[in-house]
Amino acid sequence: MAGLGIVVLLFGLIALRQNIVVILLAIAAYVHLVWADGDLTYLVEDMWLALDNDVLLAVPMFLIAGNLMTRGSIARRLIEVARLITAPIPGGLGVATILSCAIFAAISGSSPVTLLAVGSVLYPALIENGYSKKFALGALTSGGTLGIIIPPSIPLILYGVVTEHSIASLFLAGIIPGLMLTAAMSGYALIVNRHIPTAPFDPRALWEALRRGIWAILMPIILLGGIYSGMFSPTEAAAVALFYGLIVEAFIHRELGVKDVYRTMVDTARTLGMLFPIIAVALSLKNVLTIEGIPQMMADWIAITTGSKVAFLLATNVMLLVVGCFFDVVSSILILGPLLLAAAQTFGIDPIHFGVIMAINLEIGFLTPPIGLNLIVAMSVFRARFSEICFAVIPFVAIIGVVLLLVTFIPQLSLWLVN
């Protein structure tokens, strides 16, 4: 009966169009009252303890760093280097679009920030150079989602926090799938735009772009090299990203003033004002469910229902794709991560591998209606109709789906670097 009450409460609040924080808070309160000791003061205490985690400091610092670089010139300089390298290739600017998204994702760790930074520069360039509006919308909206899987990834950080697994290992596990997605999207860009005329290779212009963009190019090398060499933790990497981005933009490129930094802080604070209450409530809910043994009960039920590892993986992928259509990636990972991981481990699935599977599934959720975040952001950035963007991303969703199946059933694609 308690489980039925949660279902009724969940769909009732969704029908009333309540905010995700309100939905999670109501469910957490219900669980405390019904399954726990009925004292709601423990809910508040759990929320405080959930946020008292050093690893979570990485989230605001990566967001601030990404927003600073969006306002500055790091994104433009990276894009210029990618454009000149791919200029002699048919459809080269389309490939440059995907590569720029991948590179900027490795700096910001955020899908919407990547879309904003790269899209605002490359969308008009694609249209002016003869690329179809459909391809431009699809490539930029979908390329932005590479920030979900390419390290440093904020969703992978949150998965590591909620499941208590190594974030550095999760970052390593995301590298090969991220490169596969980048290569597959770039290949599609080459095929559909092979009729676009090429431009001659200009070594002098490339050298100048490399000289102007050297500080931007060094950033992902410093971040990822520092993490994987053990020089600093993911949280320290976020601090390095913020400090490095601020120094480069304000004192080397001289693109940011005091007012720009202030506006960036305010904008990021607004984002965090929506994000951290979700994290606090979700982690509190996870704690009480774990104490009451709910994940293990759910794991046993799923194991009996699915019966095999293959059936479980297929069912999980379908469920996460459906969840991604209605819930944001943060809520989905924080709530479903511990529950589904308990079931996955009964089938011997590696927790790091399962985290990558979740991330790619929820990456697709950024591109699926009715509330795909990248679809909504793209509407405002490109001033296009929602339906137009939905149709534009269909080929890219199919590409991500193929990579998802490969990663799901070939674990070494995500575990080889980790091991």
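**Entry 1. Helix 8**

I began with helix 8, where I found Phe135, Ala136, Leu137, Gly138, Ala139, Leu140, Thr141, Ser142 and Gly143 to be buried. I note at once that the model is a predicted one. Helix 8 spans residues 133–143, and nine of its eleven residues are buried, so I record this helix as largely enclosed by the rest of the structure. I then looked up what lies over the buried residues of helix 8, and the cover includes helix 6 (92–108), helix 7 (111–128), helix 10, helix 18, helix 19 and helix 20.

**Entry 2. Confidence**

I checked how far the prediction trusts itself. The mean pLDDT of the chain is 82, and 93% of the residues reach at least 70. Among the elements, I found the lowest mean pLDDT, 70, in helix 1 (residues 2–15), and the highest, 94, in helix 20 (residues 394–409).

**Entry 3. Salt bridges**

I counted five salt bridges in the structure. One of them joins Glu388 to Lys133, with 3.4 Å between the closest N and O atoms. I note that this pair links distant parts of the chain, since Glu388 is in helix 19 and Lys133 in helix 8, 255 residues apart. Glu388 is partly exposed, at a relative accessible area of 21%, and Lys133 is also partly exposed, at 35%.

I next turned to helix 13. There Arg263 and Asp260 meet through their side chains in a salt bridge of 3.6 Å, N to O. The two are three residues apart in helix 13, and therefore about one helical turn separates them. I list Arg263 as partly exposed, with a relative accessible area of 41%, and Asp260 as partly exposed, with 22%.

A further salt bridge holds Asp267 and Arg270, at 3.3 Å from N to O. Both residues lie in helix 13, again three residues apart, or about one turn of the helix. I recalled the general rule here: an α-helix has 3.6 residues a turn, so residues three or four places apart point the same way. Arg270 is exposed, with a relative accessible area of 56%, whereas Asp267 counts as partly exposed at 31%.

I followed Asp267 beyond its own helix, which covers residues 258–291. Asp267 and Asn67 are 200 residues apart in sequence, yet their C-alpha atoms are 8.4 Å apart in space.

**Entry 4. Aromatic rings**

I found six aromatic pairs. In one of them, the ring centres of Phe312 and Phe354 are 6.3 Å apart and the planes lie at 20°; the angle is under 30 degrees, so I class the pair as stacked. Phe312 belongs to helix 15 and Phe354 to helix 17 (residues 351–365), so the pair ties together parts that are 42 residues apart in sequence. I checked both residues for exposure, and Phe312 and Phe354 are each buried.

I also noted a cluster, in which ring pairs link Tyr131, Phe135, Tyr188 and Phe396. Phe135 had already appeared in my first entry as one of the buried residues of helix 8.

**Entry 5. A nonpolar surface patch**

I looked for nonpolar side chains at the surface. Val310, Leu314, Val402, Leu405, Leu406, Phe409 and Ile410 form a patch there, with a combined accessible area of about 570 Å². Helix 15 (309–326) and helix 20 are the elements that each supply two or more residues to the patch. The most comes from helix 20, which gives four residues. I looked up one member, Val310, in more detail: this residue is found in helix 15 and is partly exposed, with a relative accessible area of 47%.

**Entry 6. A buried serine**

I selected Ser332, which lies in helix 16 (residues 329–346). Ser332 has a relative accessible area of 2%; this is under 20%, so I record the residue as buried. With neighbours within four places in sequence set aside, Ser332 is in contact with Val323, Phe327, Gly337, Met358 and Leu362.

**Entry 7. Positive phi**

Most residues other than glycine have a negative phi. I therefore recorded two residues with positive values, Glu164 near 60° and Arg383 near 55°. Glu164 is found in the loop between helix 9 (154–163) and helix 10 (167–192), and counts as exposed at 66% relative accessibility. Arg383 is found in the loop between helix 18 (373–382) and helix 19 (386–392), and counts as exposed at 77%.

Terms used: Residues are numbered from 1 along each chain as its sequence is written. This is a predicted model: local features need pLDDT of at least 70, side-chain atom pairs count only at pLDDT 80 or more; totals for chains, interfaces and linings use all residues. Side-chain values use heavy atoms; hydrogens and water are left out. pLDDT is the predictor's confidence in each residue, from 0 to 100. Patches are made of residues with over 30% relative accessible area and no salt bridge: like charges are joined within 9 Å, nonpolar side chains (Val, Leu, Ile, Met, Phe, Trp, Tyr) within 5 Å. Accessible areas come from the Shrake-Rupley method with a 1.4 Å probe; for residues, only the protein chains shown count as cover. A salt bridge is a side-chain nitrogen of Lys or Arg within 4 Å of a carboxyl oxygen of Asp or Glu. Buried means under 20% relative accessible area, exposed over 50%, partly exposed in between (1.4 Å probe, protein chains only). Rings of Phe, Tyr and Trp (its six-membered ring) pair if their centres lie within 6.5 Å; planes under 30 degrees apart count as stacked, over 60 as edge-to-face and the rest as tilted. Contact means heavy atoms within 4.5 Å.
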